[in-house]
Amino acid sequence: MPDALPDLFHADGVLFDLDGVLTPTAEVHMRAWQAVFDDVFARWSITPPYTDADYYDYVDGKKRYDGVASLLRSRNIEVPWGHVDDDPSAETICGIGNRKNAAFAASLRAQGIVAYPGSLALVESLRAAGIPLGVVSSSKNAEEVLAAAGIRSLFRVVVDGVVAERDGLASKPAADMFAAGAAALGVDPSRSVAVEDATSGAASASAAGYRTVIGVDRGAGADALRAAGATIVVDDLAVFVPATRTDIPETA
């Protein structure tokens with residue numbers, strides 16, 4: 001645990017990434033990407049093999065199609081971009097991205113999802129204190145995940161992959177999405193807090209001028225999150241919950 005924690009309860013607002021911060025859906029995303037890229041790499045004889053490190057370096061936190069393009073570019077592979085309505089069988093950036101999304105959606109519906117206990121406790125405490133809350137997620141599945149976890153009503157705004165596509169927002173690590181989140185919530189980033197588990201997201205929030213960028217280390221690595229712009233890194237958001245809250249587990 002860090003020696004000194006920032007005071008989230010006097011921030012203008014707090015904006016959370018979703019996957020890996022509020023819910024353990026980052027693991028579901030990782031498994032879906034692994035299955036899709038393992039198949040693509042095998043059929044196209046791409047080397048070296050896809051690894052978890054590739055997920056964190058090229059995919060994590062980015063909009064779906066940008067992640068596909070970034071990963072393939074790392075192997076010097078270029079394929080047509082295609083169209084957002086491409087069939088999942090299409091050998092295009094969009095087709096591969098849609099293939100992954102189909103795998104993710106099937107897993108989510110089969111297994112369901114619950115929020116991390118520490119994250120939920122913090123969100124509920126901040127909401128009770130009247131702090132405006134929002135979600136900034138590159139995923140187009142954000143609304144579905146929030147609803148499945150039963151936490152959509154806790155957030156005033158959601159800026160997700162659907163909004164990013166509609167409004168032409170650049171993918172994280174560009175500042176666009178976290179800047180749009182602050183604007184939608186009506187808060188000043190320089191007096192607000194962003195919470196991220198991806199290096200691309202930490203970089204986005206830092207570029208958007210957030211006063212505090214909390215990195216939640218779910219696998220990206222504390223050093224990598226700090227290098228990307230996190231001002232503090234924790235393992236679990238429960239550390240920010242006031243001591244008066246005694247009804248939650250110590251860890252997720």
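**Reading a predicted protein model**

User: Which residues does Asn101 touch, not counting residues up to four places away in sequence?

Analyst: Asn101 touches Arg64 and Asn141, where residues up to four places away in sequence are not counted. Contact means heavy atoms within 4.5 Å. This is a predicted model, in which local features need pLDDT of at least 70 and side-chain atom pairs count only at pLDDT 80 or more, while totals for chains, interfaces and linings use all residues. Residues are numbered from 1 along each chain as its sequence is written, and side-chain values use heavy atoms, with hydrogens and water left out.

User: Is Asn101 buried or exposed, and in which helix is Asn101 found?

Analyst: A residue is buried under 20% relative accessible area, exposed over 50%, and partly exposed in between (1.4 Å probe, protein chains only). Asn101 counts as buried because its relative accessibility is 16%. Asn101 lies in helix α4, residues 93–111. Helices (H or I, at least four residues) and strands (E, at least two) are DSSP runs, numbered from the N terminus.

User: What would an exposed residue look like by the same reading?

Analyst: Asn76 is an example: its relative accessible area is 72%, so Asn76 is exposed. Asn76 sits in the loop between α3 and α4. Its C-alpha atom is separated by 46 Å from that of Phe9, and the two residues are 67 residues apart along the chain.

User: How many helices and strands are there in the protein, and how does one read its overall dimensions?

Analyst: The protein has ten helices and six strands. For the dimensions, one may use the radius of gyration, taken over C-alpha atoms, and a globule rule of 2.2 Å times the number of residues to the power 0.38. A compact globule of 252 residues would have a radius of gyration near 18 Å, and the protein agrees because its value is 18 Å. Along the principal axes, the C-alpha atoms fill a box of roughly 55 × 35 × 30 Å. Of the 252 residues, 53% are buried. Among contacts with a separation of 6 or more, 62% come from residues 24 or more positions apart.

User: In what order do the strands of the sheet lie?

Analyst: One follows the pairing from strand to strand; two strands pair if DSSP finds at least two bridges between them. Here six strands form an open sheet with parallel pairing, in the order β3-β2-β1-β4-β5-β6. β3 (157–159) and β6 (232–234) are the edge strands, each pairing on one side only. From one strand to the next, the twist averages 20 degrees. Angles run from 0 to 180 degrees between N-to-C directions, and axes are lines fitted to C-alpha atoms, for helices over the stretch in contact. Helix α5 (residues 117–128) packs on the sheet, where α5 touches β1 and β2 (133–136), and its direction makes about 155 degrees with that of β1.

User: Which residues stand opposite one another in neighbouring strands?

Analyst: Strand β1 (residues 14–16) runs parallel to β4 (residues 193–196), joined by three bridges, and Leu15 has Ala194 as its bridge partner in β4. Three bridges also join β1 to β2 in parallel, with Val14 opposite Leu133 of β2. β2 and β3 likewise pair in the parallel sense over three bridges, and the partner of Val135 in β3 is Val158.

User: Which way do the residues of β2 point?

Analyst: Leu133 and Val135 point one way from β2, Gly134 and Val136 point the other way, and all are buried. Val135 has 0% relative accessibility and therefore counts as buried. Beyond its neighbours within four places in sequence, the contacts of Val135 include Phe16, Leu18, Leu146 and Phe155.

User: How does one read the buried side of a helix?

Analyst: An α-helix has 3.6 residues a turn, so residues three or four places apart point the same way. In helix α2 (residues 52–59), the buried residues are Asp54, Tyr55 and Val59. They cover an arc of only 105 degrees around the axis, which puts them on the same side of α2; the arc is that of the directions from the helix axis to the C-beta atoms. These buried residues pack against α1 (25–44) and α3 (64–74). After α2 comes Gly61, with a positive phi near 85 degrees.

User: Which residues of helix α9 are buried, and what covers them?

Analyst: In α9 (residues 199–207), the buried residues are Ser200, Gly201, Ala202, Ser204 and Ala205. Their cover includes α8 (176–185), β4, β5 (212–216) and α10 (222–228). Gly209 follows α9 and has a positive phi, near 90 degrees.
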